[in-house]
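Please report on this structure for a first-year student. Cover the bound ligands, the sheet and its helices, and a few side-chain contacts.

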Amino acid sequence: MDIIDMFRLDGKIALITGGSYGIGFAIGAAYAKAGATVVFNDISEELVEKGLSSYKEQGVKAHGYVCDVTDENQVNKLIKRVEEEVGVVDILVNNAGIIRRIPMIDMSAAEFRKVIDVHIAGAFIMSKAVIPGMIRKGHGKIINMCSMMSELGRETVSAYAAAKGGLKMLTRNICSEYGSANIQCNGIGPGYIATPQTAPLRELQPDGSRHPFDQFIIGRTPAGRWGTPEDLTGPAIFLASDASNFVNGHILYVDGGILAYIGKQP
Ligand code: NAP
Ligand code: GCO
């Protein structure tokens with residue numbers, strides 16, 4: 001196989017959860033350019049419509065479905081429908097997510113459970129639903145969207161950090177259980193990426209100066225900038241393609257160097 005062809009996704013069906021905007025959308029658009037058929041779901045009709053028109057603007061004929069990844073019945077119906085209307089999924093990107101920035105002692109157990117449910121149970125339910133088809137096909141790629149919070153903690157994100165740390169271990173476990181079926185399950189750990197999820201951390205101050213968290217992240221990132229969803233597309237193509245067929249159970253951090261850096265000396 002030609003070295004560049006190893007990165008192509010022609011003939012592959014890729015399903016991206018929560019793929020109507022932000023990181024999931026950028027990955028879906030890149031997969032389409034690499035030759036894949038793109039399928040995505042999202043939590044509401046409005047988001048799915050928004051996603052479909054964004055894909056259309058890029059010249060991509062994507063298939064969009066409303067489905068809550070935490071609801072096993074909805075997910076099983078989704079996968080059945082995708083198999084009938086598009087085909088058996090080769091690549092699953094567990095991208096759907098939520099964050100609640102609340103100090104731990106002010107957070108209710110219900111709010112904590114909700115975050116865990118979307119990231120961990122959602123990825124479990126989605127993976128469980130596609131693995132049988134991947135086994136039948138003889139190959140499969142599962143990519144879990146991890147985080148800096150798979151490794152680091154910070155104030156107000158106890159549920160999110162617990163969820164992303166758990167997702168890292170679910171990644172290793174799927175690799176352990178289904179590696180022998182030629183399924184590779186890896187994670188991507190984005191650094192701080194400019195999307196609506198992080199917009200509150202980048203809001204300008206009333207005097208027009210940068211948000212203190214924005215300044216903190218720029219100082220903590222050797223690259224000296226926030227990432228963009230497009231920064232994640234090369235790594236996402238690598239992990240979905242034959243170029244990564246012996247890479248399994250790994251978290252590829254795409255963080256502009258944050259995890260390598262102790263921070264600027266005072
Ligand atoms: P995001 O705001 O985290 O949202 C992704 C999508 O998932 C949204 O459309 C969201 O809908 C949807 N979603 C939420 N709950 C769902 C459910 N139960 N079922 C189906 N879809 C659901 O987008 P993002 O910032 O592009 O992040 C994508 C992923 O990367 C997330 O897992 C996030 O945690 C992770 N990540 C993000 C960053 C960053 O800096 N942005 C860094 C590291 C990791 P709503 O819009 O209605 O919530
Ligand atoms: C936060 C952020 C993060 C990022 C990301 C880092 O409040 O600290 O939202 O958790 O979104 O996941 O990799």
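In this predicted model, a polar side-chain atom of Lys164 sits 3.0 Å from an oxygen atom of ligand 1. Asp68 also reaches ligand 1 through its side chain: one of its polar atoms is 2.9 Å from a nitrogen atom of the ligand. Gly97 uses its backbone instead, with an N or O atom 3.4 Å from an oxygen atom of ligand 1. Taken alone, ligand 1 exposes 870 Å², and the protein buries 89% of that area.

How many residues surround ligand 1? There are 29, and the closest are Tyr21, Asp42, Asn95, Tyr160 and Thr195.

Now take ligand 2. Its surroundings comprise 14 residues. The closest of these are Arg101, Ser147, Arg154, Tyr160 and Tyr192. Tyr160 therefore appears in both lists of closest residues, as a neighbour of ligand 1 and of ligand 2.The table gives three polar contacts of ligand 2.

| Side chain | Atom of ligand 2 | Distance |
|---|---|---|
| Ser147, polar atom | oxygen | 2.7 Å |
| Arg154, polar atom | oxygen | 2.6 Å |
| Tyr160, polar atom | oxygen | 2.7 Å |

On its own, ligand 2 has 340 Å² of accessible area, and the protein covers 96% of it.

Next comes the sheet. It is open and has 7 strands. Their order is β3-β2-β1-β4-β5-β6-β7, and the pairing is parallel. Which strands form the edges? They are β3 (63-66) and β7 (251-254), and each pairs on one side only. From one strand to the next, the twist averages 20°.

What holds such strands together? Strands of a sheet pair through backbone hydrogen bonds, in either a parallel or an antiparallel way. Here is one pair in detail. Strand β1 covers residues 13-17 and strand β2 covers residues 37-42. They pair in the parallel sense over 5 bridges. Within this pair, Ile13 has Thr37 of β2 as its bridge partner.

Helices lie against the sheet too. Helix α4 spans residues 109-137 and lies across β1, β4 (91-94), β5 (140-145) and β6. Its direction runs at about 175° to β4. Helix α5, residues 158-178, packs on the sheet as well. Helix α5 touches β5, β6 and β7, and its direction makes about 160° with that of β6.

Aromatic rings add another kind of contact. A search of the whole structure finds 6 aromatic pairs. One of them joins Tyr192 and Trp226. Their rings are edge-to-face, 5.7 Å centre to centre, with 90° between the planes. Why does this pair tie together separate parts of the chain? Tyr192 lies in the loop between β6 and α6, while Trp226 lies in the loop between α6 and α7 (233-240), so the pair links parts that are 34 residues apart in sequence. Tyr192 is also among the closest residues to ligand 2.

Finally, look at His211. Where is His211 found? It is in the loop between β6 (183-190) and α6 (212-220). A polar atom of the His211 side chain lies 2.9 Å from the backbone nitrogen of Phe213. Beyond its neighbours within four places in sequence, His211 is in contact with Pro200, Leu201, Arg202, Glu203 and Gln205.

Definitions and conventions
Residues are numbered from 1 along each chain as its sequence is written. Chains are lettered from A and ligands numbered from 1 in the order in which they are written. This is a predicted model: local features need pLDDT of at least 70, side-chain atom pairs count only at pLDDT 80 or more; totals for chains, interfaces and linings use all residues. Side-chain values use heavy atoms; hydrogens and water are left out. Helices (H or I, at least four residues) and strands (E, at least two) are DSSP runs, numbered from the N terminus. A polar contact is a pair of N or O atoms within 3.5 Å; within protein, one must be able to donate a hydrogen and the other to accept it, and residues adjacent in sequence count only if both atoms are side-chain atoms. Contact means heavy atoms within 4.5 Å. Two strands pair if DSSP finds at least two bridges between them. Axes are lines fitted to C-alpha atoms, for helices over the stretch in contact, and angles run from 0 to 180 degrees between N-to-C directions. A residue is near a molecule or strand if one of its heavy atoms lies within 4 Å of it. Accessible areas come from the Shrake-Rupley method with a 1.4 Å probe; for residues, only the protein chains shown count as cover. Rings of Phe, Tyr and Trp (its six-membered ring) pair if their centres lie within 6.5 Å; planes under 30 degrees apart count as stacked, over 60 as edge-to-face and the rest as tilted.
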